[in-house]
Amino acid sequence: MIEIKVNRDQLGKFTSKLGGMVVRLKDGNPFFRRAAIEMYRGVIQNFNHESGPEGKWKALKKKRERGGGKILQDRGFLRGSILFHAEKNNAIVSTNLIYAATHQYGRRFIPARPFMWISDKLRDSLTDRYGKFVAQGGS
């Protein structure tokens, strides 16, 4: 006869590990706090590289002296308005400037220059690390 037995001691270890996973699923704040910082850095990098997910932003029709001639950085208000925070199960990067959507999506004669995005590489990395965080702990 061939059989497999599992005793209570073996299940106790499994139950303990599973309990830790449930706790991390209910409150992922340690992970999401770090993720929000990385997402924020990614958005700021978009300003530095003057690029969106499709490549370089459309050039300005007329070069401006303010902001070092950099696109979307005339006075630095938009870039300076980028904020990040974390909740139990979310990492959030945002801006509350009313004209941010105009630059993100475009409008009439203003071309879209998406700045509020993260790379696929960062998204994949965060996804992988979240799985590890839930399974093993750490951040």
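**Helix α2, the nonpolar core and the surface**

The buried residues of α2 are N29, F31, F32, A35, A36, M39, G42, V43, I44, N46 and F47. The model that shows them is predicted. An α-helix has 3.6 residues a turn, so residues three or four places apart point the same way. Cover for the buried residues of α2 comes from several elements, including β1 (51-52), α3, β3, β4 and α5. The length of α2 fits expectation: its 21 residues should span 30 Å at 1.5 Å a residue, and its end C-alpha atoms are 30 Å apart. E50 follows α2 and has a positive phi, near 50°.

The protein chain as a whole holds five helices and four strands. Read from the N terminus, the order of elements is α-α-β-β-α-β-β-α-α. The chain has 139 residues, and 26% of them count as buried. Its exposed area is about 10,200 Å². Carbon and sulfur atoms supply 55% of that area. Contacts between residues at least 6 apart in sequence were also examined, and 59% of them join residues at least 24 apart.

The largest nonpolar core has 20 residues. Within this core, F47, L72, I82, F115 and L126 touch the most other members. Two elements, α2 (29-49) and α5 (120-136), give two or more residues to the core. The largest share comes from α2, with seven residues.

Two of these well-connected core members merit a closer look. L126 has contacts beyond its neighbours within four places in sequence: F31, A35, E38, M39 and I118. Of these partners, F31, A35 and M39 are among the buried residues of α2. L72 lies in the loop between β2 (55-56) and α3. L72 counts as buried because its relative accessible area is 14%, and the limit for buried is under 20%. The backbone of L72 also stands out, with a positive phi of about 65° in a residue that is not a glycine. Most residues other than glycine have a negative phi.

R108 offers a second case of this kind. It is not a glycine, yet R108 has a positive phi of about 45°. R108 sits in the loop between α4 and α5. Its surroundings differ from those of L72: R108 is exposed, at 72% relative accessible area, whereas L72 is buried.

Charge pairing is sparse. A search of the whole structure finds one salt bridge. Side chains of opposite charge can pair when their charged atoms come close. Here the side chains of R129 and E38 meet, with 2.5 Å from N to O. R129 lies in helix α5 and E38 in helix α2, so the pair ties together parts that are 91 residues apart in sequence. Both residues are partly exposed. R129 has a relative accessibility of 25%. E38 has a relative accessibility of 21%, just outside the buried class, which requires under 20%. E38 is also one of the contacts of L126.

On the surface, F77, I98 and Y99 form a nonpolar patch. Together they have about 370 Å² of accessible area. I98 is found in the loop between β4 and α4. Y99 occupies the loop between β4 (90-94) and α4 (100-105). I98 counts as exposed, at 80% relative accessibility. Y99 is partly exposed, with a relative accessible area of 33%. I98 and L78 are 20 residues apart along the chain, and their C-alpha atoms are separated by 9.8 Å.

S81 is placed in the loop between α3 (77-80) and β3 (83-87). S81 counts as buried, at 11% relative accessibility. Leaving aside neighbours within four places in sequence, S81 is in contact with S94, T95 and L97.

Notes:
Residues numbered from 1 in each chain as written. Predicted model: local features only at pLDDT ≥ 70, side-chain atom pairs only at ≥ 80, totals over all residues. Heavy atoms only, no water. Core = buried A, V, L, I, M, F, W, Y, C linked by side-chain atoms within 4.5 Å. Buried < 20%, exposed > 50% of the residue type's maximum accessible area, 1.4 Å probe, protein only. Contact = heavy atoms within 4.5 Å. Areas by Shrake-Rupley, 256 points an atom, 1.4 Å probe, with all protein chains shown as cover. Patch = residues over 30% accessible without salt bridge, like charges linked within 9 Å, V, L, I, M, F, W, Y side chains within 5 Å. Salt bridge = Lys/Arg side-chain N within 4 Å of Asp/Glu carboxyl O. Expected span 1.5 Å × (residues − 1).
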